[in-house]
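Here's a quick briefing to read alongside the model. Have the sequence and the 3D view open while you go through it.

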Amino acid sequence: MKWMSQETSTPDAPSTAKTPADLGRSSGGCPVQHDAGTQDSNNRVNPRNNMPVESQLRARGQTIDLDTRRTMSTIPKTSEESGSGAAASACPAGEEDKWEYPSQQQFYNAVLRKGFTNTKPIDVPAMLDIHNAVNERAWEEVMAWERPHLDGGGRDVSEGFKGGKCPGGIKLVQFRGDKTHVTPKARLRSFLGYTPPFDTHFWTIERCGKDKVEYVIDFYKGKSANTGGGGGGGGGGGGKLSMPSFYLDVRPAGVAGVPARVARMLGF
């Protein structure tokens, strides 16, 4: 199974290669599988990310233990649950809630649920690190778009630019992934001969405690980066897994996002 590395790069040159849909299929509604419990969750779905609530129990036939601790992201989340029947937040109470990433065990269970039964548990920690890095990068790109709407009160991404004219900061409300959706920009790129994105996500943010703004994120495969030690890629022993890099095309979605996209193109 191929996974994305945490460096960004420009997309591949025009290519007839098939779409590398591995990440979209294996992680489903990335970025975060939130509010997962410790028991088998059956058909419970969290409406904030359209993902089943993953179990913390070992999978059948699993030969090694995986960590069940979850990592806090830098991505602020709104405190209200969207929609009825949402699972209770697993984020600790505090000055500001943030989205949590799945544990290694939850991530492994999700991969198996998606049909990747040949995934080795020993590979899961590296896979999860990449998954988390992708989403941190996506949030940084969102915040870069949000900067012109604020007065520069704070510049720490984790703080969501709180203060000044935007006391509520920027927070992620909900998200969904749809690898079958082809955006107009991606369709145009494909027409010009470029490899299409392997997944598309839609992130809804809350701006300054009031406005809801949707962002679209197209995920493209970049050039492979060999993480192994020196020399040729051929055959033997100590070479480590070669992981493809990725390119994220993050932008405000739809007609409502046109003014912001034009302003950036003109350098404003």
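Of the 268 residues of the protein, 47% count as buried, where buried means under 20% relative accessible area, exposed means over 50% and partly exposed is in between (1.4 Å probe, protein chains only). This is a predicted model, in which local features need pLDDT of at least 70, side-chain atom pairs count only at pLDDT 80 or more, and totals for chains, interfaces and linings use all residues. Residues are numbered from 1 along each chain as its sequence is written, and side-chain values use heavy atoms, with hydrogens and water left out.

**Overall picture**

- The protein has 5 helices and 8 strands, counted as DSSP runs numbered from the N terminus (helices are H or I, at least four residues; strands are E, at least two).
- Reading from the N terminus, the order is α-β-β-β-β-α-α-β-α-β-β-β-α.
- Take the contacts in the protein with a separation of 6 or more: 67% of them come from residues 24 or more positions apart, with contact meaning heavy atoms within 4.5 Å.
- The accessible surface adds up to about 13500 Å², and carbon and sulfur atoms hold 52% of that; areas come from the Shrake-Rupley method with a 1.4 Å probe, and for residues only the protein chains shown count as cover.

**How far to trust it**

- The average pLDDT is 72, and 63% of the residues score at least 70; pLDDT is the predictor's confidence in each residue, from 0 to 100.
- Confidence bottoms out in helix α1 (residues 22-27), with a mean of 38, and is highest in strand β3 (residues 72-76), at 95.
- Residues 81-95 have a pLDDT below 50, and this stretch makes 33 contacts in the model beyond near neighbours in sequence.
- Residues 226-242 are also below 50, and that stretch has 7 contacts beyond near neighbours in sequence.
- Where pLDDT is low, don't read the predicted coordinates in detail.

**Helices α2 and α3**

- The axes of α2 (residues 104-113) and α3 (residues 124-146) come within 10 Å and cross at roughly 95 degrees; axes are lines fitted to C-alpha atoms, for helices over the stretch in contact, and angles run from 0 to 180 degrees between N-to-C directions.
- That makes α2 and α3 roughly perpendicular to each other (under 35 degrees is roughly parallel, over 145 roughly antiparallel, 65 to 115 roughly perpendicular and the rest oblique).
- On the α2 side the contact uses Q104, F107 and Y108, while α3 brings V124, P125, M127, L128 and H131.
- By class, this contact has 6 nonpolar, 2 polar and no charged residues; Ala, Val, Leu, Ile, Met, Phe, Trp, Tyr, Cys and Pro count as nonpolar, Asp, Glu, Lys and Arg as charged, and the others, Gly among them, as polar.
- 8 of the 10 residues of α2 are buried, so this helix is largely enclosed by the rest of the structure.
- The buried residues of α2 are Q104, Q105, Q106, F107, Y108, N109, A110 and V111.
- After α2 comes G115, with a positive phi near 100 degrees.

**Residues to click on**

- R207 lies in strand β6 (residues 199-207) and counts as buried at 14% relative accessibility.
- Leaving aside neighbours within four places in sequence, R207 is in contact with E146, H149, G169, I170, V213 and Y215.
- C208 sits in the loop between β6 and β7 (211-226) and is buried, with a relative accessible area of 17%.
- C208 isn't a glycine, yet has a positive phi of about 60 degrees.
- T74, in strand β3, is partly exposed at 29% relative accessible area.
- The C-alpha atoms of T74 and N135 are 9.7 Å apart, with those positions 61 residues apart along the chain.
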